[in-house]
Amino acid sequence: MGSFLSSWSKGGDALAAEGEEVGQAAVVAFHSMDGWNSHWELHKAQPNQLMVVDFSATWCGPCRFMEPVFKEVAAKWTVEAMPTFVLIKGGREVDRVVGAAKAELESKIQRQLSSK
């Protein structure tokens, strides 16, 4: 908690530099725009790399501290509901899941991982 967004990446260890690696998948929490921008530039250079972005909620206490940055990034991705998961490849949105739809999220992640 406390991060304005996190990213789940598979297949690119370089993208996991700020996060916790689990095999070739990593969950990375960002606490600044500089951290996100750096990660984003690395991601765009890997067009087959899937990134799932999870925006945390503005109503949580630690999240309020990051609210200005959260709003800036969420506006860029047209996040209008929580939770919103944005699947990104090569710097472009390839799919999205809005709401607590675990099966839909898993299915879309698997579809993207299969479509290299």
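**Figure 1. The E5–E6 hairpin and its turn.** E5 and E6 make a hairpin with two residues between them, and Gly90, sitting in the turn, has a positive phi of about 55 degrees. Bear in mind for this and every other view that the model is predicted. Strand E5 covers residues 84-89, and its pairing with E6 is antiparallel, over six bridges. Two of the partners are worth picking out here: Phe85 is bridged to Val97 of E6, while Leu87 has Asp95 of E6 as its bridge partner. Back at the turn, Gly90 has a link to a helix as well: its backbone nitrogen lies 3.3 Å from a polar atom in the side chain of His43. His43 belongs to helix H1, which spans residues 33-44. Is His43 buried or exposed? At 0% relative accessibility, His43 counts as buried.

**Figure 2. Strand E5, covered on both faces.** Follow E5 residue by residue and you'll find six of the six buried, so the strand is largely enclosed by the rest of the structure. Which residues sit on each side of E5? One side has Thr84, Val86 and Ile88, the other has Phe85, Leu87 and Lys89, and all of them are buried. Two of these residues also turn up in the nonpolar cores: Ile88 is a member of the largest one, and Leu87 is part of a second, separate core.

**Figure 3. Asp95 and its surroundings.** This view moves over to strand E6, residues 92-98, where Asp95 has its place. Asp95 is a charged residue to look up in the buried set: its relative accessible area is 16%, and it counts as buried because the cut-off is under 20%. What does the side chain of Asp95 join up with? There is a polar contact of 3.1 Å between the side chains of Asp95 and Lys108. Leaving aside residues up to four places away in sequence, Asp95 touches Phe85, Val86 and Leu87, along with Lys108, Arg111 and Gln112. Leu87, from that list, is also the bridge partner of Asp95.

**Figure 4. A cluster of three tryptophans.** Searching the whole structure turns up two aromatic pairs. In one of them, the rings of Trp36 and Trp40 have centres 5.6 Å apart and planes at 25 degrees, so this pair is stacked. Trp36 and Trp40 are four residues apart in helix H1, which means about one helical turn separates them. Trp36 is buried at 3% relative accessibility, and Trp40 is buried too, with a relative accessible area of 6%. The other pair puts the rings of Trp40 and Trp77 at a centre distance of 5.6 Å, with planes at 70 degrees, so it is edge-to-face. That pair links distant parts of the chain: Trp40 is in helix H1, Trp77 is in the loop between helix H3 (67-76) and E5, and their positions lie 37 residues apart in the count. Trp40 and Trp77 are both buried. Taken together, the ring pairs tie Trp36, Trp40 and Trp77 into a cluster.

**Figure 5. Two separate nonpolar cores.** The largest nonpolar core has 16 residues, and the members that touch the most others are Trp36, Trp40, Met51, Val53, Trp77 and Ile88. Which elements give two or more residues to this core? They are strand E3 (25-30), H1, strand E4 (50-55), H3 and E5. H3 supplies the largest share, four residues. Apart from this sits a second core of eight residues, among them Leu87, Val97, Leu105 and Ile109.

**Figure 6. Stepping back to the whole chain.** To place the close-ups, here's the overall layout: the chain has four helices and six strands. Along the sequence they run in the pattern β-β-β-α-β-α-α-β-β-α. How much of the chain is buried? Of its 116 residues, 46% are buried. Looking at contacts between residues at least 6 apart in sequence, 54% join residues at least 24 apart. The accessible surface adds up to about 6300 Å², with 53% of it belonging to carbon and sulfur atoms.

How values were computed
Residues numbered from 1 in each chain as written. Predicted model: local features only at pLDDT ≥ 70, side-chain atom pairs only at ≥ 80, totals over all residues. Heavy atoms only, no water. Buried < 20%, exposed > 50% of the residue type's maximum accessible area, 1.4 Å probe, protein only. Polar contact = N/O pair within 3.5 Å; in protein donor to acceptor, adjacent residues only side chain to side chain. Contact = heavy atoms within 4.5 Å. Areas by Shrake-Rupley, 256 points an atom, 1.4 Å probe, with all protein chains shown as cover. Pairing = 2+ DSSP bridges. Phe/Tyr/Trp six-rings, centres within 6.5 Å; stacked < 30°, edge-to-face > 60°. Core = buried A, V, L, I, M, F, W, Y, C linked by side-chain atoms within 4.5 Å.
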